[in-house]
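Let's walk through this one together, starting with charged side chains and then moving on to the sheet they sit around.

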Amino acid sequence: SQRLGRRIDEGSCRVMEQLLIENEEAEGTGRVRLYDFYKSNIHHGNAQFSESLGYLRQLGALDESDPVNPRVLIPNYLSMDANCIHVSGYYDLCC
């Protein structure tokens, strides 16, 4: 199981994290403007960035402190259940 966890972390999770960081609104904020989040899906074919606004809100991955410019919270997005693999009845592997 240690090898599986390492492969998940270094594979798809690292790619997803890097794509989000590349679209970060300003270095170190941990936030991606919602517009850029969806633009990455539509224009660059990043299918993982297609969750609905309501779903992102429900999971706590949406920052709406500025209603004109909502943002996706990178750490919250990476740790949501959709980015986990159910390994056994005892634990899941998540980003």
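Before counting anything, here is what counts as a salt bridge: a side-chain nitrogen of Lys or Arg within 4 Å of a carboxyl oxygen of Asp or Glu. Keep in mind that you're looking at a predicted model. With that cut-off, searching the whole structure turns up 7 salt bridges. The general idea is familiar: side chains of opposite charge can pair when their charged atoms come close.

Now for the sheet. It is an open one, built from 3 strands in the order 1-3-2, and the pairing is antiparallel. Strand 1 (31–33) and strand 2 (62–63) sit at the edges with a single partner strand each, so one side of each has no neighbour in the sheet. As for what holds such an arrangement together, strands of a sheet pair through backbone hydrogen bonds, either parallel or antiparallel. Here, strand 2 and strand 3 (residues 71–73) run antiparallel to each other and pair over 2 bridges.

Look across that pairing and you'll find Asp63 opposite Arg71 in strand 3. These two residues also form a salt bridge, with their closest N and O atoms 3.3 Å apart. Are they buried or exposed? The cut-off for buried is under 20% relative accessible area. Asp63 has 10% relative accessibility, so it counts as buried, and Arg71, at 12%, counts as buried too.

Arg71 has another partner to show you. Its side chain meets that of Glu25 in a salt bridge, at 2.8 Å from N to O. Arg71 lies in strand 3, while Glu25 belongs to the loop between helix 1 (2–22) and strand 1, so this pair ties together parts that are 46 residues apart in sequence. Glu25 itself is partly exposed, with a relative accessible area of 33%. Step back a little and these contacts join up: Glu25, Arg31, Asp63 and Arg71 are linked in a network of salt bridges.

One more pair deserves a look. Which residue does Arg33 meet in a salt bridge? The partner is Asp36, and the N to O distance between their side chains is 3.1 Å. Arg33 is partly exposed, with a relative accessible area of 30%, whereas Asp36 is buried, at 11%.

Technical notes
Residues are numbered from 1 along each chain as its sequence is written. This is a predicted model: local features need pLDDT of at least 70, side-chain atom pairs count only at pLDDT 80 or more; totals for chains, interfaces and linings use all residues. Side-chain values use heavy atoms; hydrogens and water are left out. Two strands pair if DSSP finds at least two bridges between them. Helices (H or I, at least four residues) and strands (E, at least two) are DSSP runs, numbered from the N terminus. Buried means under 20% relative accessible area, exposed over 50%, partly exposed in between (1.4 Å probe, protein chains only).
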